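Biologist: I'd like to learn how to read charged side chains in a model. Could you walk me through one?

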Amino acid sequence: MRFVWCCFQASDLREKFEANRHVEDLDTMDRLIDNAEATYNKFRHPDPYIVPWAPGGSKFTRNPAPPQGIELVYDFGREDND
């Protein structure tokens, strides 16, 4: 049931943005954005899912690139027969 409630909250937040689309005063825009961010942070998940290979994920830079000066040769078992 929480998922449905969050969807309604998200659509309400979007409707508030659409209702204030015409606002041109910078101070008012800053206040509206601050209020919207506070509302978003209130309903945000405390431990969001992070894709493992993205920055902050558990697999991010697990296999880092080799150091400078080391070259990888992919000859797949073929040898030079000189």
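Modeller: Gladly! Start with spacing along a helix: this is a predicted model, and in helix 1 arginine 14 and glutamate 18 sit four residues apart, about one turn of the helix.

Biologist: What do arginine 14 and glutamate 18 form?

Modeller: The general idea is a distance test: a salt bridge needs a side-chain nitrogen of Lys or Arg within 4 Å of a carboxyl oxygen of Asp or Glu. Here arginine 14 and glutamate 18 form a salt bridge, with their closest N and O atoms 2.6 Å apart.

Biologist: How many salt bridges does the structure hold?

Modeller: Two. Glutamate 18 also meets the side chain of arginine 21 in a salt bridge, at 3.5 Å from N to O. Arg14, Glu18 and Arg21 are thus linked in a network.

Biologist: Which of these residues are exposed, and which partly exposed?

Modeller: Exposed means over 50% relative accessible area, and buried means under 20%, with partly exposed in between. Arginine 21 is exposed because its relative accessible area is 61%. Arginine 14, at 48%, is partly exposed, and so is glutamate 18, at 35%.

Biologist: And where does negative charge gather on the surface?

Modeller: For a patch, look for like charges with over 30% relative accessible area and no salt bridge, joined within 9 Å. In this model, Asp25, Asp27, Asp30, Asp34 and Glu37 gather in such a negative patch on the surface.

Biologist: Where is the place of aspartate 25?

Modeller: Aspartate 25 is in the loop between helix 1 (2–19) and helix 2 (26–43). With a relative accessible area of 42%, aspartate 25 is partly exposed.

Notes:
Residues are numbered from 1 along each chain as its sequence is written. This is a predicted model: local features need pLDDT of at least 70, side-chain atom pairs count only at pLDDT 80 or more; totals for chains, interfaces and linings use all residues. Side-chain values use heavy atoms; hydrogens and water are left out. Patches are made of residues with over 30% relative accessible area and no salt bridge: like charges are joined within 9 Å, nonpolar side chains (Val, Leu, Ile, Met, Phe, Trp, Tyr) within 5 Å. Accessible areas come from the Shrake-Rupley method with a 1.4 Å probe; for residues, only the protein chains shown count as cover. Lys and Arg count as positive and Asp and Glu as negative; His and the chain ends are not counted. The place of a charge is taken as NZ of Lys, CZ of Arg, CG of Asp or CD of Glu. Helices (H or I, at least four residues) and strands (E, at least two) are DSSP runs, numbered from the N terminus. Buried means under 20% relative accessible area, exposed over 50%, partly exposed in between (1.4 Å probe, protein chains only).
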